[in-house]
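Me: I would like to learn how to read a structure such as this one, feature by feature. Could we take the ligand as our starting point?

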Amino acid sequence: MSINFAWDAEQLAFRQSVVDFAQQELNHDLIEKDKSSQFDRVAWNKCAEFGILGWSIPQEYGGQGNDPLTVILGLEGLGYGCRDNGLVFAINNHLWSCVVSILNFGTQAQKQKYLPALCEGKSIGGQALTEPDSGSAAFDMKTEAVRHEDYYILNGTKTFVSSAPVADVYIAFARTNPDLDIQKGISTFIIDKNLPGLTIEKELSLSGLRTSPMGELVFQDCKVSIDRCLGKEGQGYNIFQSTIGWERSFLFASHVGIMERILEKCVKYARKRRQFGQHIGSFQAVSHKIAEMKMRLELAKLMIYKIGWLKKEGKRAFLESSISKIFISEGLVKTCRDAIQIHGARGYITDYELERELRDSIAGTIYAGTSEIHRGIIATLLGL
Ligand SMILES: Cc1cc2nc3c(=O)[nH]c(=O)nc-3n(C[C@H](O)[C@H](O)[C@H](O)COP(=O)(O)OP(=O)(O)OC[C@H]3O[C@@H](n4cnc5c(N)ncnc54)[C@H](O)[C@@H]3O)c2cc1C
């Protein structure tokens, strides 16, 4: 078997079409939207029309049926072209936390009911796992689903749920048998937003990704029929491991695009801005920061493309996705900090959009498993 690092002409044309679309359609009024924490439903609908919300979903369910490598290239183009990082995050959250879970674990009826609307942008998806007392230790959850004849009664609170205030469908996790260990005692449910007994509470105010709204889901004697159980009862742990595997693998492809966009902005500025009679790029202290941005970008691409290839081959990318998740999320924060430094005071003011990039980037080291948790996973896989 050979390794081929070249994209074909069709794939490159696809990436370019995503960049053109995003630059033309998704970058309006960004500073205002960030200030007012405004989710852009119009942009969301445009992404749906372009096909983005169904990129990884087979055509029979309303998607585009793209292979994993092409999806990675598309997400990279989206991150590069769309400066609304909150929108890009919300799209990834929708795709990997909700849509793919229904595709992989849903019954035929569930897939037919939910996937076309999710791909068409009529319906927004989210995932409700984290609770006030269970973050990294997500499966120490308290939310319970008690089985009655043909329904469950859910009680509990889910927090930090991305898109909660705007979503229509949530993939939620609850304990169905407190006597069993987490690998058998937790189940997954497809929850419609209008269920009696479910309230979407307090939109949380965020430091970054402010255009991707966040909130809490409170279940109070919420009746959920058994046909909303995703997978089998007790399969929640496995469903989550599969879902988070996709999210950790693909979401960060968009970060690679963001890294490239910021690198180009810095090169342009360092060539233009003059101090002491020279371009600031001629000072080694500046040019080396940019060289390191380029090194991080190229290494990030290698890692994320390898993950796309593994997924295309139908293999797991458990170790690889932890490594790339840490490297890319922390690398993006470093790139954003250095970009601000290179731009001096301009980097610090809102209009140059770099302080927003930094605020947006920090979340990537927390969601989808913190950097510390992923270092722990890598160490465990090394037998430590
Ligand atoms: C922007 C954003 C979007 C999110 N979206 C969602 C969503 O849609 N749905 C959802 O369910 N959740 C979501 N979350 C929540 C996210 O999954 C949790 O924040 C994350 O799992 C960490 O949990 P925590 O915040 O409670 O931190 P904690 O688990 O309390 O951790 C606090 C600190 O302790 C460290 N720590 C904890 N345990 C260990 C350990 N064993 N070893 C070493 N260090 C450790 C952590 O790394 C961290 O530094 C989102 C979070 C963010 C920031």
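Reply: In a predicted model such as this one, a useful way to begin is to look for pairs of polar atoms, one from a side chain and one from the ligand. Here a polar side-chain atom of Ser 136 lies 2.6 Å from an oxygen atom of the ligand, and a polar side-chain atom of Thr 370 lies 2.7 Å from an oxygen atom of the ligand, while for Ser 162 the partner is a nitrogen atom of the ligand, at 2.8 Å. As for the ligand's surface, 970 Å² is exposed when the ligand is taken alone, and the protein buries 61% of that.

Me: How many residues surround the ligand, and which are the closest?

Reply: There are 18 residues around the ligand, and the closest are Thr 130, Ser 136, Phe 160, Ser 162 and Thr 370.

Me: Ser 162 falls within the stretch 151-162 of strand β3; to which strands is β3 joined by bridges?

Reply: For a strand, one reads the partner, the direction and the number of bridges. Strand β3 runs antiparallel to β2 (residues 144-147), with 4 bridges between them, and Ala 145 has Leu 154 of β3 as its bridge partner. These two strands, β2 and β3, form a hairpin in which 3 residues lie between them. Strand β7 (residues 214-225) is also antiparallel to β3 and is joined to it by 9 bridges, where Val 161 is paired with Gly 215 of β7.

Me: Turning to helices, is α11 largely enclosed or open?

Reply: For a helix, one asks how many of its residues are buried, that is, under 20% relative accessible area. Helix α11 (residues 354-362) is largely enclosed by the rest of the structure, because 7 of its 9 residues are buried, namely Leu 354, Glu 355, Arg 356, Glu 357, Leu 358, Asp 360 and Ser 361. The cover over these buried residues includes α2 (30-35), α5, α8 (236-272) and α10 (318-348).

Me: Which residues of α11 are in contact with Asn 85, leaving aside its neighbours in sequence?

Reply: Asn 85, which is found in helix α5 (residues 85-105), is in contact with Glu 357 and Asp 360, and its other contacts beyond four places in sequence are Leu 209, Ile 258 and Arg 261. The side chain of Asn 85 makes a polar contact with that of Asp 360 at 2.9 Å, and another with the side chain of Arg 261 at 3.2 Å. Asn 85 counts as buried because its relative accessible area is 6%, which is under the 20% cut-off.

Note on methods. Residues numbered from 1 in each chain as written. Predicted model: local features only at pLDDT ≥ 70, side-chain atom pairs only at ≥ 80, totals over all residues. Heavy atoms only, no water. Pairing = 2+ DSSP bridges. Buried < 20%, exposed > 50% of the residue type's maximum accessible area, 1.4 Å probe, protein only. Polar contact = N/O pair within 3.5 Å; in protein donor to acceptor, adjacent residues only side chain to side chain. Contact = heavy atoms within 4.5 Å. Near = heavy atom within 4 Å. Areas by Shrake-Rupley, 256 points an atom, 1.4 Å probe, with all protein chains shown as cover.
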